[in-house]
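Hi,

Here is the structure I said I would pass on. Have a look at it first, and then read on for what turned up.

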Amino acid sequence: MQANRGSAICRGFPHVDREHRPQRGSGELAQRAASFLKSRLTGSAPIVDFLSLIYGATLLELSAGIDVLADAEPDWRDAVDETLEAFRRDDGGYAKGPQGNYSSTYH
């Protein structure tokens, strides 16, 4: 089902694109969340936590206009793609780690 901009589902949510980020919601709570995520950018983490960090950073960027990854290398998205491909298995799924034989994060 596709919602149009006038539907009850979409009413109240601004159209968001990369050029016109919303400026609302960048209060103290959003700043605290950004600080927490930034503190987790160094070091290593399980793949699920890593993807959750990227997801959280994206939510903050879209909802509050805070770019947690602003200081990251310009090609960080390509680096993430390369890292994830190391986990891909022949059946198209992803393993828990580079040496994993099975394509399930939950086994």
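Where does P46 lie? P46 sits in the loop that runs between α1 and α2. Before you go further, keep in mind that this is a predicted model. P46 counts as exposed, because its relative accessibility is 53% and the cut-off for exposed is over 50%. If you want a partner for P46 from elsewhere in the sequence, try G97: the two are 51 residues apart along the chain, yet 8.4 Å separates their C-alpha atoms.

Now the overall layout. The protein chain has 3 helices and 0 strands, and going from the N terminus the order of elements is α-α-α. Out of the 107 residues in the protein chain, 22% are buried.

On to the inside. The largest nonpolar core has 16 residues, and those touching the most other members are L60, I66 and V68. At least two residues of this core come from each of α1 (28–39), α2 and α3. It is α2 that has the largest share of the core, with 6 residues.

V68 makes a handy reference point for two other residues. One is F36, which you will find in helix α1. F36 and V68 are 32 residues apart along the chain, and their C-alpha atoms are 9.7 Å from each other. Buried or exposed, or something in between, for F36? With a relative accessible area of 45%, F36 is partly exposed, because that value falls between the 20% and 50% cut-offs.

The other is T58, which belongs to helix α2 (residues 47–64). Between the C-alpha atoms of T58 and V68 there are 8.2 Å, with 10 residues separating the pair along the chain. T58 is partly exposed too, at a relative accessible area of 33%. Have a look at its side chain while you are there: a polar atom of the T58 side chain lies 2.9 Å from the backbone oxygen of I54.

Next, the pocket. The largest pocket has a volume of about 440 Å³. Its lining is made up of 22 residues, and R40, L41, G43, F50 and L53 are the closest to the pocket centre. Which elements give two or more residues to this lining? They are α2 and α3 (76–85). Of the elements, α2 gives the most, with 6 residues. As for the chemistry of the lining, it divides into 13 nonpolar, 6 polar and 3 charged residues.

Last, the charged pair. Side chains of opposite charge can pair when their charged atoms come close. How many salt bridges does the count come to here? The count is 1 salt bridge, and the side chains that meet in it belong to E85 and R88, with 3.0 Å from N to O. E85 is partly exposed, with a relative accessible area of 43%. R88 is also partly exposed, in its case at 34%.

If you only have a minute, I would start with α2. That helix supplies the largest share of the core, and α2 also gives the most to the lining of the largest pocket. After that, take a look at the loop with P46, and then at the salt bridge between E85 and R88.

Cheers

How values were computed: Residues are numbered from 1 along each chain as its sequence is written. This is a predicted model: local features need pLDDT of at least 70, side-chain atom pairs count only at pLDDT 80 or more; totals for chains, interfaces and linings use all residues. Side-chain values use heavy atoms; hydrogens and water are left out. Helices (H or I, at least four residues) and strands (E, at least two) are DSSP runs, numbered from the N terminus. Buried means under 20% relative accessible area, exposed over 50%, partly exposed in between (1.4 Å probe, protein chains only). A polar contact is a pair of N or O atoms within 3.5 Å; within protein, one must be able to donate a hydrogen and the other to accept it, and residues adjacent in sequence count only if both atoms are side-chain atoms. On a 1 Å grid over the protein atoms alone, a cavity is a set of points where a 1.4 Å probe fits but cannot get out, and a pocket is an open set with protein on both sides within 12 Å along at least five of seven lines; lining residues have an atom within 4 Å of a point. Grid points are joined across faces, edges and corners, and a volume is the space filled by probe spheres set on the points. Ala, Val, Leu, Ile, Met, Phe, Trp, Tyr, Cys and Pro count as nonpolar, Asp, Glu, Lys and Arg as charged, and the others, Gly among them, as polar. A nonpolar core is a set of buried Ala, Val, Leu, Ile, Met, Phe, Trp, Tyr and Cys residues joined through side-chain atoms within 4.5 Å. A salt bridge is a side-chain nitrogen of Lys or Arg within 4 Å of a carboxyl oxygen of Asp or Glu.
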